[in-house]
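Colleague: I would like a close look at one part of this model, the backbone at an unusual loop residue. Please start there, then place that part in its wider setting.

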Amino acid sequence: MLKPGTILDDRYEIIDVVGTGGMSTVYRAKDERLKRFVAIKVLKSDYSSDANFVSKFRAEAQSSAGLTHPNIVSVYDVCEDDGRYFIVMELVEGITLKEYINLNGRLSMDQALNFSIQIASGLEAAHEHHVIHRDIKPQNIIVSKSGTIKVTDFGIAKAATSTTMSTTGIGSVHYISPEQARGGYSDERSDIYSLGITMYEMVTGRVPFEGDSNVAIALMHIQNDLIPPRELYPDIYQSFEKIILKATQKKPERRYLTAAALIADLKRVKDNPNIDIIVAPSSAVSNAPTHQFTPEDMAKIKTGSAQKRNDELEQALAAAGKSGLASSEVYANRGKIEELLQQNDDYLEEIDDEDEYEEQPRQKKGSLKKVSDKEDYKPSNYDDDDDDDDDVDPKLEKAVMIGGIAAALIIAAVVLALIGNIMGWFKFGSDKEKKTTTDAASTETVTQVATEASTEATTEETLIKMLDVKGTTVEKALKNLQDAGFTNVRVEEVFDEDEVKGYVISQSVELKKEIHPDDEIVLKVSKGPEDFEVPDVLGKTVEEADELISEHFNPTHSYENNDTVEKDRVISQSVNGGEKAPGGSVITIVVSLGKEIKQAVVPNLYNMGEQEARDAIKNAKLEVGQVTQEFNAEVPAGHVVSQGIAANTETVEGTVVDIVISAGVKNVTYTGSVAGNVTCNDMNMLGMAESVTVTAYIQDAAGAHQVFEATVPKDQAGTINVGGACGGLSYNDGSVTFAVKDQNGFDLTGIYTKNLTVTYTGE
């Protein structure tokens with residue numbers, strides 16, 4: 001694991017870990033040269049130490065670097081630094097489709113169609129450049145914040161398949177195509193199968209096959225039919241279901257042959273959900289990491305895939321024995337038949353091995369002809385005399401011929417047995433035969449051989465090997481058992497949450513055990529899950545709801561904002577409380593995220609008129625708060641002087657914004673107040689004065705304003721206190737002056753000094 005701050009290739013600075021998988025770790029990084037953020041996928045040491053794998057990885061990554069499409073994550077560079085091999089990719093802000101489904105549950109039809117078209121468009125662009133993904137799964141698909149779908153990890157799957165194993169499939173086992181599960185050749189149609197499984201999960205919220213092991217799930221992809229999506233959710237468009245069923249056909253030639261054909265049908269359904277889609281009849285043949293099957297796993301898969309053929313061979317041979325053919329002859333023929341079938345398998349495996357590392361089938365004489373979606377589909381029994389025989393692979397022709405010979409031998413054995421019965425060729429040990437033999441020794445020998453043959457035939461008819469009917473429909477199981485000769489089969493119906501209604505859960509006799517045809521066989525058949533009452537979880541916390549629902553059902557969540565329901569409490573549920581539903585079914589609960597919090601930017605309101613300011617606040621999804629006024633000489637009356645939240649501030653929608661409106665210039669008057677005293681410097685200078693009069697004035701630009709006047713006798717004229725006020729003044733910056741006169745009006749101001757101050761108050 002790389003630490004933040006690590007520099008790769010003297011260019012890319014590691015910031016943090018985005019995610020980790022089976023083969024690599026993805027980091028967020030900064031390209032210091034181009035000043036942009038990128039995603040870097042670094043190979044784990046298990047792979048980077050394999051020189052052969054690294055060589056293939058680099059070649060495939062460089063090939064995918066040439067892909068440019070809106071639905072494909074762009075690859076910028078392929079690098080090596082001190083033994084670390086990594087690819088530099090476009091950084092997409094978002095989550096994987098797997099995480100999206102886990103978070104939101106099954107998708108709506110419109111959303112699933114939209115996502116499917118985008119994924120298929122990315123595949124179409126890749127296939128046009130002869131790049132096959134081989135590991136399409138929700139974990140390799142990113143849902144960006146804008147809703148755009150991006151497919152990632154092109155090229156890595158092929159590198160692993162081409163270099164590390166010859167019979168090992170690559171890709172998550174839940175999404176792997178049947179041909180990949182067998183370890184055979186894969187092409188564009190393998191990607192389409194995996195996309196079909198991904199579409200299945202989008203509309204149902206689950207994968208179609210689950211098992212105890214990777215091998216078990218791989219065998220299901222080869223042998224089992226998936227449950228049609230509409231059996232799980234009837235609201236799924238029938239036309240969309242048909243697209244999914246066509247994309248997930250077991251045989252590649254029955255699928256969509258190109259991504260373009262798939263996109264065309266998806267768009268038709270998007271425009272008209274009621275349109276019909278033609279599907280050829282099928283023929284059964286949690287953030288999951290990428291798995292690699294070991295040779296032992298592949299051996300199990302091949303054994304399971306061959307089991308059905310072996311069982312049919314057993315039944316054919318048993319039928320031949322019943323028809324009268326001696327068991328020694330039946331099993332003598334069986335050895336030859338199995339030898340021919342083995343040769344057939346060897347030729348087919350040889351063909352697979354030769355094609356294993358080729359990106360496209362060779363288009364030359366002697367190879368299989370490439371089929372286009374524009375060509376008419378022909379069933380396997382279609383006879384067209386105009387077809388060019390030169391286009392058939394000689395090896396495949398030989399393999400088909402050997403298979404035909406094997407089938408002919410089985411048919412010949414059965415016919416021979418029937419004729420032998422009619423003609424009496426196989427009546428060993430009869431009295432007539434003994435009488436026609438004159439030699440005693442010969443008679444004894446014939447009798448002994450006839451007795452042994454008769455005993456062997458009787459044993460062969462009496463004991464039959466048990467078939468494996470688990471996982472099949474009860475109708476098919478009963479028919480297969482009846483055809484094999486079993487006569488005493490009893491069916492018990494039981495509730496089962498894991499198996500679909502009408503399918504066999506278990507059988508009382510184990511596979512290949514030899515029993516008498518009349519021995520009882522008990523088949524336990526699923527009645528489907530038992531119905532239970534769904535609890536009412538409205539208003540409960542998500543933990544409480546999960547606990548109640550999980551007793552009989554599987555809870556899933558979706559989330560949405562709600563103005564009235566508290567965060568993390570249930571708003572609604574897919575099945576109402578009190579109603580009944582099958583046990584194990586998915587119950588979706590919608591959980592509140594609380595009130596939706598949206599951000600808003602406060603507009604600049606300065607100098608706007610009051611109504612204009614109110615409109616601007618509302619348009620910004622904010623609320624008008626308190627509106628006040630103040631005198632202002634700079635802003636015209638009626639316009640905004642200031643606002644409670646600064647302009648361009650980011651806040652929550654609905655926030656209250658206060659504004660202050662200008663009242664214009666205020667007409668102010670002042671009152672001037674004078675206080676202090678005046679003091680005589682020389683009392684002798686008063687002369688003949690009997691009294692003096694003191695007058696105080698406020699002198700400003702408008703003139704002198706008298707504020708005080710008082711007359712005192714001579715003996716009190718030393719210090720005279722002054723105090724008074726004058727209102728209605730226009731200015732507040734005047735000064736104080738005074739005058740002193742005697743009773744005759746003689747000016748004595750010169751012998752006095754003042755200690756006076758003036759203060760103003762506005763009105």
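Modeller: Start with Asp 9. This is a predicted model. Asp 9 has a relative accessible area of 33%, so the residue counts as partly exposed. That value falls between the two cut-offs, because buried means under 20% and exposed means over 50%. Asp 9 sits in a loop, with β1 (7–8) on one side and β2 (12–20) on the other. Its backbone is what stands out. Phi of Asp 9 is near 55 degrees, a positive value, and the residue is not a glycine. Most residues other than glycine have a negative phi.

Asn 648 makes a useful companion case. Asn 648 also is not a glycine, and its phi is positive, at about 70 degrees. The residue lies in the loop that links β24 (640–643) and β25 (650–652). Asn 648 is exposed, because its relative accessible area is 63%.

Now the wider setting. The protein has 763 residues, and buried residues make up 41% of them. It holds 19 helices and 32 strands. The accessible surface comes to about 39800 Å². Carbon and sulfur atoms account for 48% of that surface.

Part of that surface is a nonpolar patch. Ile 95, Leu 103, Tyr 559 and Leu 593 form the patch, with about 300 Å² of accessible area together. Tyr 559 belongs to strand β18 (residues 554–560). Tyr 559 is at 31% relative accessibility, so this residue too counts as partly exposed.

For a covered element, take helix α10 (residues 238–247). Of its 10 residues, 7 are buried. Among them are Phe 240, Ile 243, Ile 244 and Ala 247. The buried set also includes Glu 241 and Lys 246. The buried residues of α10 pack against four helices: α4 (109–128), α7 (188–204), α9 (229–232) and α11 (259–271).

Last, a sheet. Three strands form an open sheet in the order β30-β27-β32, with antiparallel pairing. β30 (719–729) and β32 (752–762) are the edge strands, and each pairs on one side only. From one strand to the next, the twist averages 15 degrees. Strand β27 (residues 670–680) pairs with β30 over 9 bridges, in the antiparallel sense. One of the bridge partners can be named: Tyr 670 is matched with Leu 729 in β30.

Back to your residue. Asp 9 combines a positive phi near 55 degrees with a place in the loop between β1 and β2.

Technical notes. Residues are numbered from 1 along each chain as its sequence is written. This is a predicted model: local features need pLDDT of at least 70, side-chain atom pairs count only at pLDDT 80 or more; totals for chains, interfaces and linings use all residues. Side-chain values use heavy atoms; hydrogens and water are left out. Patches are made of residues with over 30% relative accessible area and no salt bridge: like charges are joined within 9 Å, nonpolar side chains (Val, Leu, Ile, Met, Phe, Trp, Tyr) within 5 Å. Accessible areas come from the Shrake-Rupley method with a 1.4 Å probe; for residues, only the protein chains shown count as cover. A salt bridge is a side-chain nitrogen of Lys or Arg within 4 Å of a carboxyl oxygen of Asp or Glu. Helices (H or I, at least four residues) and strands (E, at least two) are DSSP runs, numbered from the N terminus. Buried means under 20% relative accessible area, exposed over 50%, partly exposed in between (1.4 Å probe, protein chains only). Contact means heavy atoms within 4.5 Å. Two strands pair if DSSP finds at least two bridges between them. Axes are lines fitted to C-alpha atoms, for helices over the stretch in contact, and angles run from 0 to 180 degrees between N-to-C directions.
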